[in-house]
Amino acid sequence: MSTIISGFKYKKYIIAINLILLTLILILGHYILKTTQSKIIQGENSISDYSKIFINKCSSVSDWRTCYGVEFSNFVRTHEIDSTLSLLNTIEDLDPKTRDCHILAHYISSAVVKKDPKDWKVLLSKVNIIACNYGFIHGSIEGLSLYDKSFEITPMNIPNICKQISQIRKNNNSDQGCAHIMGHILLAEKCDESIDTGIKKTVGECSLLPQTLQHECFAGVFMESFTRDNLVAECNTEHVAWATDYFASQQELVCRQYTGNTASSCWQEISHIYNALYPNQPDKVFEACNRAPNRTDMVYCYQHAVQSLALYQNADRMYYSSLCSPFTNVPNYKACYKNVVTSLITASIKLEAKAIDFCNSINPKYQNDCIQDLRKNIN
């Protein structure tokens, strides 16, 4: 009898050991499966799947920039920077209009900062600083102003912040992109002021910067006064329908309140309104820029306008040849085609073929010079 009991206890012991082993195997298997799934999600193997999801959702909608931007913001929450940049690269190949990626870079970099504020330098170290027309710089600084309470922007520390950015990735023009977004953010700090009063005070702050940073700081102020994305985020200011004839006339009144470099910055940024009013119509945009009170301000307006006009996805050589044709003055003509080439390449290196098409469309006397300028931008 005791032998039977002993045998029964032994069997129970063996069963218990087996159950423990089975439980450990299941736990280990679950861990391995989860780890593998996580690696797949984070790795290159899933990028094509995500790109298809993004494109199916966003490629055909009118506000595709916001659609893609929101999707990227969500993607950043659970993925590393390298995976995000790889996904952006893939989508740019599959949906060419996304090579105009300034807004997408805003969303990505702001989401990176929201996830971990210290990663803004990591992000900028991984991208070309001028990529997406400085969108990663703009989004990073906007993100820091929103999500890092220790990050303070004043006229006194702006030069140092811009210097830090230029040291992350050496580029002679990074300080201009930095100064521009500072103007946006400085205006958004004036929540207790009317827009007009806020502009005046912020223009005064930009005037305290080194002269090399003032023009783009002014430009950021005037652009924020009508795009208002930072004002909405910081001050609950309402967006306005700025792509209208009425608002264009109101903004022209604002520009006429200023003179010199400040006025030129204002007329430069009003070109965004004209481009929205007359999409991909260079002749009409040039006509609108001629509302400026003098030739200098007109040139600033149209020279800035061509940077966006050049990104028209369906542009052909006839369209390209029309971009700089309003300028018969040689210095203005040269500045115009250099602006177009710079805009195309800083939007995306993948627009090199379009930049070459543009160079081949301009006055034959300047085609070789244009190609050489293109190569400088690439190198």
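Where is Arg228 found? This predicted model places Arg228 in the loop between α11 and α12 (229–235), and the close-ups below start from there.

**Close-up 1. Arg228 and Asn236 both have a positive phi although neither is a glycine.** Most residues other than glycine have a negative phi, so these two loop positions deserve a look. For Arg228, phi is about 65°. Arg228 is buried, with a relative accessible area of 11%. Asn236 has a phi of about 60° and lies in the loop between α12 and α13. Is Asn236 buried or exposed? With a relative accessibility of 70%, Asn236 is exposed.

**Close-up 2. Helix α13 has a buried side and an exposed one.** Helix α13 runs through residues 245–255, and its buried residues are Phe247, Ala248, Gln251, Glu252, Val254 and Cys255. Why do these residues lie on the same side of α13? They span an arc of only 155° around the helix axis, and that puts them on one side. A general rule helps here: an α-helix has 3.6 residues a turn, so residues three or four places apart point the same way. On the other side of α13, you will find Asp245 and Tyr246 exposed. The packing partners of the buried residues of α13 are α10 (195–206), α11 (211–227) and α14 (260–277).

**Close-up 3. Helices α11 and α13 pack roughly antiparallel to each other.** The angle between α11 and α13 is about 150°, and their axes are 12 Å apart. Angles over 145 degrees count as roughly antiparallel, which is why this pair of helices, α11 and α13, gets that description. The contact is made by Phe222, Ser225 and Phe226 on the α11 side, and by Phe247, Gln251 and Val254 on the α13 side. The crossing of α11 past α13 is right-handed.

**Close-up 4. Cys217 of helix α11 is in contact with His180.** Cys217 is buried, at 0% relative accessibility. Leaving out residues up to four places away in sequence, Cys217 touches Ala179, His180, Gly183, Leu186, Cys206 and Leu209. Between Cys217 and Gly177 there are 9.1 Å in space, C-alpha to C-alpha, although they are 40 residues apart in sequence.

**Close-up 5. His180 sits in helix α9 (residues 174–188).** His180 counts as buried, at 8% relative accessibility. Which residues does His180 touch, not counting those up to four places away in sequence? They are His138, Glu216, Cys217, Ala219, Gly220, Met223 and Glu269. One of these contacts, Glu216, is 36 residues from His180 in sequence, yet the two are 4.6 Å apart in space, C-alpha to C-alpha.

**Close-up 6. Ser140 is a buried residue of helix α7 (residues 131–147).** Its relative accessible area is 0%. Beyond residues up to four places away in sequence, Ser140 touches Ser109, Val113, Trp120, Leu123 and Leu124.

**Close-up 7. Phe136 belongs to the largest nonpolar core, a set of 111 residues.** Within this core, Phe136, Ile141, Tyr274 and Phe358 touch the most other members. With neighbours within four places in sequence set aside, Phe136 is in contact with Leu85, Leu88, Ala105, Ile108, Ser109, Leu123, Leu124, Val127 and Ala131. Among the contacts of Ser140, too, are Ser109, Leu123 and Leu124.

Note on methods:
Residues numbered from 1 in each chain as written. Predicted model: local features only at pLDDT ≥ 70, side-chain atom pairs only at ≥ 80, totals over all residues. Heavy atoms only, no water. Buried < 20%, exposed > 50% of the residue type's maximum accessible area, 1.4 Å probe, protein only. Helix = DSSP H or I, 4+ residues; strand = E, 2+ residues; numbered from the N terminus. Arc of directions from axis to C-beta. Contact = heavy atoms within 4.5 Å. Core = buried A, V, L, I, M, F, W, Y, C linked by side-chain atoms within 4.5 Å. Axes fitted to C-alpha atoms, helices over the stretch in contact; angles between N-to-C directions. Parallel < 35°, antiparallel > 145°, perpendicular 65-115°, else oblique. Left-handed = near helix turned anticlockwise from the far one by under 90°.
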